[in-house]
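Q: I'd like to learn how to read a structure like this one feature by feature. Can we go through it together?

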Amino acid sequence: MSRPSWNSIPWREQLAWCGGYFSGEGSIFYAHKHSKYYYPTLAIGTTNKEEIDKFQESVLKLGRIYGPYGKRQSKLGKKPIWRGAAQSLRDAQAVVVMLWPYLSDYKKAQAIDAFSRYKKAIRN
């Protein structure tokens, strides 16, 4: 039996996969972005380019994919590292909203902390 193509999987199921994948491999934090401004940032790293491409496609192509960088040793040899990031407030908010029902409690807490820090900073 062959695996269905990613595009044939309903979007809600793609988001559920993304929420689980991000809960295990991703991070949400409040970070500096090339200036004096700080933004909530979502980041994920992997040696599997196909997975990060599926993730970005499912979240409406928000954010960017960077790489390949260096190589990480694995049981299968050395593989390049790919990173995905949503580094604008708009993209970070949109991705969190899409994935919220599927994120772990820990990732939800990271998101609340990052957005709370941002909100506090813009008030000052």
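A: Sure. Let's begin with what a helix axis is: a line fitted to C-alpha atoms over the stretch in contact, with angles running from 0 to 180 degrees between N-to-C directions. Keep in mind that this is a predicted model.

Q: Good. How do the axes of helix α1 and α2 cross?

A: The general idea is that two packed helices are described by the angle between their axes and the distance between the axes. Here, the axes of α1 (residues 11–25) and α2 come within 9 Å, and they cross at roughly 125 degrees. The two helices are therefore oblique to each other. As for handedness, the crossing of α1 and α2 is left-handed.

Q: Which residues of α1 and α2 make the contact?

A: On the α1 side you'll find W11, Q14, L15, W17, C18, Y21 and F22, and α2 brings E51, K54, F55 and S58. Sort the residues of this α1 contact with α2 by character and you get 7 nonpolar, 2 polar and 2 charged.

Q: Let me try the next pair. At what angle do the axes of α3 and α4 cross?

A: Helix α3 (residues 89–99) and helix α4 (residues 105–123) have axes that cross at roughly 150 degrees and come within 12 Å. Angles over 145 degrees count as roughly antiparallel, so that is the word for α3 relative to α4. The crossing of α3 and α4 is left-handed. L89, A92, Q93 and V96 of α3 meet A111, F115 and Y118 of α4. That contact of α3 with α4 divides into 6 nonpolar residues, 1 polar and no charged.

Q: Let's zoom out. What pattern does the protein follow along the sequence?

A: Reading along the sequence, you get α-β-β-α-β-β-α-α. In total there are 4 helices and 4 strands. Along its principal axes, the C-alpha trace spans about 55 × 35 × 25 Å.

Q: Now for empty space. How many cavities of 30 Å³ or more does the count come to?

A: The general trick is that rolling a probe the size of a water molecule over the atoms shows where empty space is left. In this model the count comes to 1 cavity of 30 Å³ or more. The largest cavity has a volume of about 110 Å³. It is lined by 16 residues, and the closest to its centre are F55, L62, G84, A85 and A86. The elements giving two or more residues to that lining are β2 (38–46), α2 (49–58), β3 (64–74) and β4 (77–86). By character, the lining of the largest cavity has 12 nonpolar residues, 3 polar and 1 charged. You've met F55 already: it is also among the α2 residues in the contact with α1.

Q: Last one, the backbone. Is the peptide bond from G67 to P68 cis or trans?

A: As background, most residues other than glycine have a negative phi, and most peptide bonds are trans. The bond from G67 to P68 is cis, with omega near 5 degrees. P68 is found in strand β3.

Q: And what is phi of L60?

A: Phi of L60 is near 60 degrees, a positive value in a residue other than glycine. To find L60, look in the loop between α2 and β3.

How values were computed:
Residues numbered from 1 in each chain as written. Predicted model: local features only at pLDDT ≥ 70, side-chain atom pairs only at ≥ 80, totals over all residues. Heavy atoms only, no water. Parallel < 35°, antiparallel > 145°, perpendicular 65-115°, else oblique. Left-handed = near helix turned anticlockwise from the far one by under 90°. Contact = heavy atoms within 4.5 Å. Nonpolar A, V, L, I, M, F, W, Y, C, P; charged D, E, K, R; others polar. 1 Å grid on protein atoms, 1.4 Å probe; cavity = no way out; pocket = protein on both sides within 12 Å on 5 of 7 lines; lining within 4 Å. Points joined across faces, edges and corners; volume = space filled by probe spheres on them.
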